[in-house]
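Work through these exercises with the structure open beside you. Try each task before reading its solution.

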Amino acid sequence: MKFCSVLFAAQFMVALCCAQVKVDNLLCENRTNPLGMDVTQPRFNWQLNSDKRNEMQTAYRVQVSESEAFHGLVWDSGKIMSDSSVFVTYKGKPLLSGKRYYWRVRVWDNHGAASPWSQAAWWQMALLHTGDWKAKWITPGYQEDTLNRPSPLMRKQFDLHKKIRSATAYITAHGMYEAQINGQRVGDAYLTPGWTSYHHRLEYQTYDVTGMLKEGQNVVGAMLGSGWYRGIIGFSDKRNVYGKDIALLLQINITYTDGSTAVVASDESWKSSTGEVRYSEIYNGETIDHNKDQPGWAEQGFDDSKWSGVNVQDYPKDILLATYNEPVRKHETFKPVRIFKTPKGEQVIDFGQNLVGWVMIKVKGKPGDTIKVWHAEVLDKLGNFYTENLRAAKAQDIYVLKGNGEETFEPHFTFHGFQFIRIQGYAEDLIKPGDVTAVALYSDMPVTGTFSTSNPLINQLQHNIQWGQRGNFLDVPTDCPQRDERLGWTGDAQVFSRTATFNMRVNDFFAKWLRDVAADQGANGAVPFVIPNCLGFVTPSTGWADVSTVVPWNMYLAYGDKRILSIQYPSMQAWVDYMQKQSRNDLWNSGFHFGDWLFYSVDDDTDGSSAITDKYFIAQCFYAYSTQLLINAATALGKQDDVNTYTALLKRIKDAFFKEYVTPNGRLVSGTQTAYTLALNFDMLPESLRAQAAQRLVDNIRAYGNHLTTGFLGTPYLCHVLTRFGHNDIAYRLLLQDTYPSWLYPVKMGATTIWERWDGIRPDKSFEAASMNSFNHYSYGAIGDWMYRVMAGLDTYSDQPGYKHIRVMPHPGGGFTNASASLDTYYGKASSGWEVKDGKTNYTISVPVNTKADIFLPADNAGQVTDDGQALAADKDISTGDVENGYLVIHAGSGTYHFAVSNPPTVTQTTGSK
């Protein structure tokens with residue numbers, strides 16, 4: 001094969017250190033030294049560290065012991081000939097409740113070297129059996145104020161007469177809780193125990209409290225809030241979705257240095273009262289009155305003689321489970337960027353970032369002085385504080401001062417979505433920037449991805465995508481964090497899930513939530529609009545209910561986690577079977593559907609229906625897509641009978657689609673961007689009609705002046721389809737479009753998160769309808785997936801998912817001079833970047849140890865290819881394949897590579913095959 005005058009230079013950066021392979025970054029069930037697991041066959045991950053190129057593991061050995069010195073083993077895998085270093089399953093003796101286990105690993109590589117044993121890591125089991133719970137459910141013994149529902153305080157004083165070796169607390173609640181021992185807060189998690197389908201699944205948290213207890217007198221206590229359990233949630237000011245009660249379950253298992261044990265547990269001996277939190281609702285905010293505070297209520301010496309007792313309740317314990325996902329924690333903090341008065345004369349503080357969390361305030365004043373704080377995302381066109389889009393949510397925190405010097409306030413059981421706050425009751429000249437701090441709250445998922453380009457607007461778009469994810473990944477993937485909603489809308493999670501896997505490690509986050517999807521799924525397979533299903537009814541919609549198939553498959557692709565497929569497979573199958581039962585002659589054209597939600601609508605176009613896609617057309621496309629994903633999952637799990645059954649079904653679904661929605665000439669009954677995008681992305685058309693369908697899509701985009709018109713369901717796939725069918729230039733035009741509707745329009749309007757609508761703020765600075773106009777709504781941020789996997793070109797193959805076999809295929813273009821992406825995979829950091837400079841396009845690509853990569857670089861009519869002056873064929877670490885669709889394929893092992901391509905290549909068209 002002939003090559004044009006194209007120069008490739010490859011150089012590996014060799015570290016000046018020992019060449020021995022090492023093992024580090026040990027994870028058990030995706031976490032470092034996890035405390036409180038009820039997984040009886042945990043899985044182990046580790047990373048190999050080596051300065052050698054093309055480094056692969058050939059064997060491993062794992063040891064598990066109850067002793068940190070590994071005296072006596074509960075499992076020794078022996079030397080296993082395998083390159084597996086991710087999700088290696090424990091196969092030892094049965095694990096015991098509450099027991100801590102230590103593990104270590106060593107590996108052998110393809111160069112004949114063996115690593116030393118890794119540093120020991122550990123995990124601790126939770127309570128594996130209902131009978132392990134000695135604690136009793138308790139509720140306040142006083143008569144509650146049913147209107148305001150002040151937060152209950154519960155406490156117990158107890159004595160410990162021996163020296164303590166270890167102590168572990170297990171805590172959960174109906175509602176939310178914050179626990180204390182001897183006046184110290186237990187843990188750094190917030191909004192615990194989190195939100196699940198409470199009637200089916202209730203998580204508890206596990207804490208090491210050894211250092212908080214002492215020999216002698218101790219006090220344990222907890223403050224409770226209504227939270228999602230009985231607070232206002234959903235629509236129409238609805239309370240008590242899961243129950244009217246508020247309850248605590250707390251148990252501390254203690255082991256003394258002499259080996260004896262003791263248990264401190266919630267029971268009838270506890271006492272209850274109320275304190276400074278007089279009102280707390282997620283939507284409406286919190287009222288804290290320091291005059292009602294009971295200082296030292298969780299410390300020894302406090303007089304609780306006037307407190308009430310508690311009531312013991314027989315609430316179920318068989319639904320309790322250990323926490324699977326990362327807890328909500330405090331993260332970034334923001335100081336005011338400006339403090340000002342609006343035209344209305346209101347006192348407002350701007351934090352410069354739309355975030356989710358709350359504000360900590362330090363104040364001084366007289367007894368009874370009241371400070372009120374309202375929260376808002378934006379100002380109106382006149383510069384006034386704007387909260388109309390919050391609908392019924394008051395988003396108001398009220399603080400009543402005791403008047404004894406400087407006082408600090410922050411909420412406990414609520415959260416807000418805001419960039420601005422309005423303060424009333426605090427004199428303007430007394431507010432100092434150092435006294436007001438905004439705190440971001442979100443699930444503590446590790447940050448894994450970075451992406452940057454030469455275009456500041458695109459970098460801001462990436463910033464907005466990340467902050468949209470942070471603000472809405474707060475124990476469940478919510479649609480928005482500010483108005484009277486904040487629900488786990490399935491459609492939003494479905495469209496954004498693949499983008500989410502790049503920015504953060506969301507494996508555990510979604511694994512937990514998907515179990516609630518299955519728990520709240522109807523017996524007939526229907527999936528509700530929101531999970532957990534606090535709305536009560538189960539009415540499925542295409543594109544929303546498909547979360548049950550799309551998200552498990554995306555987690556498998558991103559992480560290689562086969563267990564998530566295995567657990568969710570019955571749910572996936574039930575949803576596909578539901579659609580099959582609703583269909584007639586394999587055509588699903590019935591029922592309610594949201595359709596391509598919030599698509600671009602035109603008021604004055606001559607064809608007013610041009611952006612409206614037939615909802616049943618969409619339903620048939622997603623019916624096919626979910627069926628394909630079920631086939632994929634069945635293949636991965638070795639369910640060949642299901643593969644055969646659903647493959648036959650898929651053919652009938654596509655045949656029915658073609659008969660109903662495609663003209664003989666290949667025109668679709670809906671001529672929208674979304675229609676052509678879905679039909680092409682899900683392979684609904686025969687090969688012979690795909691190129692002309694892609695051209696019709698391009699023509700539609702051009703007809704709208706290179707603007708997109710897609711809504712929630714079409715947007716995630718639009719640029720992928722354009723690139724796949726050879727129109728990468730059009731994908732770039734859409735990405736860089738900065739007038740409405742576009743991704744960059746909100747950026748140019750000052751957005752710091754992704755908006756719910758393409759024009760939440762219109763060009764004249766007026767607003768879209770307040771009834772549905774969130775300014776922190778991550779769905780349209782799904783473009784991030786194209787930016788990472790196509791623009792930067794960092795992707796994984798589905799046959800070896802989780803970036804075990806990496807596919808690197810950058811697509812320079814759009815006038816960018818550089819773009820780069822990096823991803824912390826379970827194997828290590830993978831990265832791909834390109835830069836146009838001095839007449840060349842330079843590529844820098846890093847492949848983690850124990851993985852391999854196929855690197856696709858442009859090569860029209862190529863000839864001699866060299867690697868740092870030598871033929872690529874002479875390089876033992878790199879091999880080249882044929883030129884495929886204008887790309888030279890380079891097969892590489894681990895290492896960092898630098899390639900230079902002379903003369904920036906002209907974009908070449910690729911075929912329509914995936």
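**Exercise 1. Find which strands pair with β3, and how.**

Solution.
- Step 1. In this predicted model, β3 pairs with strand β7 (residues 88–89). The sense is antiparallel, over two bridges.
- Step 2. Take one bridge as an example: R43 has T89 in β7 as its partner.
- Step 3. Strand β1 (residues 22–28) also pairs with β3. This pairing is antiparallel too, over five bridges. Here C28 has F44 of β3 as its bridge partner.
- Step 4. Check the cover. Strand β3 spans residues 43–49, and six of its seven residues are buried.

**Exercise 2. Put the strands of the five-stranded open sheet in order and explain which ones form its edges.**

Solution.
- Step 1. The order is β14-β13-β16-β11-β19, with antiparallel pairing.
- Step 2. β14 (184–185) and β19 (271–274) each have a single partner strand, so one side of each has no neighbour in the sheet. That puts both strands at the edges.
- Step 3. Look at the β14 end. Two bridges join β14 to strand β13 (residues 176–181). In one bridge, I181 is partnered by Q184 of β14.

**Exercise 3. Count the disulfides, then explain the result for C534 and C719.**

Solution.
- Step 1. The cut-off is a sulfur pair within 2.5 Å. By this rule there are zero disulfides.
- Step 2. Take C534. The nearest cysteine sulfur belongs to C480 and is 12 Å away, and C534 is in no disulfide. C534 is buried, with a relative accessible area of 2%.
- Step 3. Take C719. The closest cysteine sulfur, in C621, is 18 Å from that of C719, so it is too far for a bond. C719 is also buried, at 1% relative accessibility.

**Exercise 4. Test whether the length of helix α5 fits its residue count.**

Solution.
- Step 1. Helix α5 covers residues 547–559, which is 13 residues.
- Step 2. At 1.5 Å a residue, the expected span is 18 Å.
- Step 3. The end C-alpha atoms are 17 Å apart, so the two values agree.
- Step 4. Now check the cover: 13 of the 13 residues of α5 are buried.
- Step 5. Look just past the helix. G560 follows α5 and has a positive phi of about 70 degrees.

**Exercise 5. Describe the surroundings of T499.**

Solution.
- Step 1. Place the residue: T499 sits in helix α3 (residues 490–503).
- Step 2. T499 is buried, because its relative accessibility is 1%.
- Step 3. List the contacts, leaving aside neighbours within four places in sequence. T499 touches I465, Q469, G781, A782, G784, D785 and Y788.
- Step 4. Pick out a polar pair. A polar atom of the T499 side chain lies 3.1 Å from the backbone nitrogen of D785.

**Exercise 6. Map the nonpolar cores.**

Solution.
- Step 1. Start with a general point. In soluble globular proteins, nonpolar side chains tend to be buried together.
- Step 2. The largest nonpolar core here has 216 residues. Those with the most contacts inside it are W228, L461, V506, F510, L735, W786 and M787.
- Step 3. Helix α7 (residues 615–636) gives this core its largest share, 14 residues.
- Step 4. Another core lies apart, with 29 residues. Among them are I138, I164, V209 and W270.
- Step 5. Return to W786. Not counting residues up to four places away in sequence, W786 touches C719, H720, T723, N728, A731, Y732, L735 and M791.

Technical notes:
Residues are numbered from 1 along each chain as its sequence is written. This is a predicted model: local features need pLDDT of at least 70, side-chain atom pairs count only at pLDDT 80 or more; totals for chains, interfaces and linings use all residues. Side-chain values use heavy atoms; hydrogens and water are left out. Buried means under 20% relative accessible area, exposed over 50%, partly exposed in between (1.4 Å probe, protein chains only). Helices (H or I, at least four residues) and strands (E, at least two) are DSSP runs, numbered from the N terminus. The expected span of a helix is 1.5 Å times one less than its number of residues. Two strands pair if DSSP finds at least two bridges between them. A polar contact is a pair of N or O atoms within 3.5 Å; within protein, one must be able to donate a hydrogen and the other to accept it, and residues adjacent in sequence count only if both atoms are side-chain atoms. Contact means heavy atoms within 4.5 Å. A nonpolar core is a set of buried Ala, Val, Leu, Ile, Met, Phe, Trp, Tyr and Cys residues joined through side-chain atoms within 4.5 Å.
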